[in-house]
Amino acid sequence: MLLCMFKRYVVAGIVFMVVFFPATGQNLSFTTPAVLLPEVKTDKAIDITNFNGVYFVTWKDAGSMGDVKFSCLGKQYDTAAINTTVTIAGQQTAYAPVFRVLDNRMYLFWISKDGGLKYIISNSENTFDTTNVYDVHFSKPVKLSQGVTAAPLKNKIVIATHADSKDQLLYCLLQPGNDGRFADTELLPMNNQKSAEYPFVATISTESVRFCWRGKDQWVYYSDYHTGNQQWTKASALGSSKTTAAPAIYQVWNADRLFYIWNGGKNDSKLYYASAKDDEKPAAGIALPPSFTTNYPVAICKVDDNNFLLSYTGTDNHLYLSKFSNYDPASWMQQVIDPLKSKRTLQDIVIPGAHDAGMSVLNGVGGQQSGTINSCNTLTQKLNIEQQLNAGIRMFDLRAGTYQKQLHAKHCASDCMQDAIGGGYGEKLRDVADGIRRFLQKNKQEIILVTFSHFCEKETPTAGLKDTLLTRIGKDLVFSNTAAAIGDVPLNQLAGKVIITFETTDNDDKYFGSCSIASESKAFVNFKREYAATNDIKLLLQKEKTFFTAAGQLRKNDLVRLDWQLTQSTDEAPMICNDFQDEKISPVVNGVMLLANVVRKHKSIIDHSLDGNRYLPATIDDWIKDGTITKKNKPHILYVDVAGAWITDYCIDLNKTALYQ
């Protein structure tokens, strides 16, 4: 999971969490690239690293010689990004700087103006000692160029670089002393291999590393070096892959798996990747979507065992960041929980949920003051429900309404739209149902929970709603219930099904179980929760913590739902975004609304949600540590606005903890 973004998912304080769409291949899922540090531009590669949970990025300023810079982005689950940019005084380079972590230290290397190799050493988890800049001393003077990469090897660092000549590749081993400074070393030619670009290096064992470089005719090659016997393996080509830049190689997932990533050959700036165990020949490269383009080498950084960061310099010279996972969020339950083989229940796991899930679009308005309704005070989601399913969301809150004779998801405070001050109509329910059908036909172990509430019989007859859902989804994909409570149904009976529940007391249809929100009830599913209804994060935190502290004994039908909605205040909702002229409202009122929005800086529901969502993972982690959340009161649903793969990632992490084992 990421993020310093992170908490605006951080990595870094960047809002990954809600807006990105996954591209998959080889069971990997990539978020759409986002600009990192928008004010920064560079004309060389960048590097990113994770040092004891704190994320850093480094680059050089654009130009033939540019200042060496780095920024601390913060921790994965910080509630605010740091983004502190530091310029190393008096240090310039023509090439990309690079990080390397070894034991309890982090190093930043770069090639100096005179072709030497310089470095600084960290002096805390989020700072470097920039007052002491050191030189790596070689036994024979050598001028370096093009760039440098590094890999840890036991208690040493392996450096891969390029001589200031046409095509000579070089390497060396650096041994740090007690103070972290490196002893003098010898710079050696790399097995007679030649390249116009610098090589990359990655660790494959305690004594071996793999070098990867652009060889003759732009082919991608790799070869291993064993430091014990000082032997090289024969250079091998990576399929038919070509590149115009240095191909990157990283160790990911586990000790024996490598990840290769490179841009294309001539006139091809798209990115390609391959992954294989170090004793296997990598398959042909998989192309990433067209939004991934660069003319420079790519940097990879580990977040945890499932998630990684990909960063690079775009063709526009901006810094870009994407997160990728070694699982497909569309089938995460199958990969993490394996429902078909599980006798656990929904009371034993945690799933991501979406509040007002069908409100990613505004297809119509209604209510007594419909002119005040717009996307800013109505929309709660960025992705439609089928996209949410593919991003891993498994619980959906829906309210059904009829607009222009068609069933829609709706968002209003009253059950009947005509009784509401105002409200909006979102996705068409036929699209929702069709999306659920397509999803379950493809993902046969995933479990979906859909709840309907806010019924208005005179507007949307329940019988017609049921018929539409069963017809379009298909009875074979809808869970047919005979149990009294959700806690009596093992996951292996729910796999590949959608559980549809109605918040009504007289619902005895086997395809449509009853649900409730109460301290206790006889419904098939009862959601235990606290809804804060506030735009104040402190109040939200206080109410939710009080809820978990006071939570009593769970019953078989209870699912604990963390309702994490930072939303508009009652006076904010009717005013937000009314910067248009409505002929039904006097010009004076319009002017007051617009002025209030400017002065008070009212936010939309989406804006509030983005602010609030960045607190969720860090807060839950803290509550688990201090005992506020235990095995007896742990949440089963993390229920949010602006749902996406970010909350799926966190649920996966939680499901792997002792709390859910």
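In the predicted model, threonine 149 is a residue of strand β13, which spans residues 144-153. With a relative accessibility of 4%, threonine 149 falls below the 20% cut-off and therefore counts as buried. Its side chain takes part in two polar contacts with backbone atoms: a polar side-chain atom lies 2.9 Å from the backbone oxygen of proline 199, and the backbone nitrogen of valine 201 is reached at 3.4 Å. Both Pro199 and Val201 also appear among the residues in contact with threonine 149 once neighbours within four places in sequence are set aside. That set further includes Tyr198 and Phe200, together with Val98, Val158, Ile159 and Ala160.

An open sheet is formed by 4 strands in the order β5-β6-β7-β8, paired antiparallel. Strands β5 (47-51) and β8 (84-93) occupy the edges, and each has a single partner strand, so one side of each lacks a neighbour in the sheet. On average, neighbouring strands of this sheet are turned by 20 degrees against each other, direction ignored. Within the sheet, the antiparallel strands β6 (residues 54-60) and β7 (residues 66-75) are joined by 7 bridges. Tyrosine 55 stands opposite glycine 74 of β7.

Helix α8 comprises residues 605-613, and because 7 of its 9 residues are buried, the helix is largely enclosed by the rest of the structure. The buried residues are Ile605, Ile606, His608, Ser609, Leu610, Gly612 and Asn613. They pack against helices α6 (537-550), α9 (616-625) and α10 (645-655), as well as against strands β32 (406-412), β38 (558-564) and β39 (637-640).

Technical notes:
Residues numbered from 1 in each chain as written. Predicted model: local features only at pLDDT ≥ 70, side-chain atom pairs only at ≥ 80, totals over all residues. Heavy atoms only, no water. Buried < 20%, exposed > 50% of the residue type's maximum accessible area, 1.4 Å probe, protein only. Helix = DSSP H or I, 4+ residues; strand = E, 2+ residues; numbered from the N terminus. Contact = heavy atoms within 4.5 Å. Polar contact = N/O pair within 3.5 Å; in protein donor to acceptor, adjacent residues only side chain to side chain. Pairing = 2+ DSSP bridges. Axes fitted to C-alpha atoms, helices over the stretch in contact; angles between N-to-C directions.
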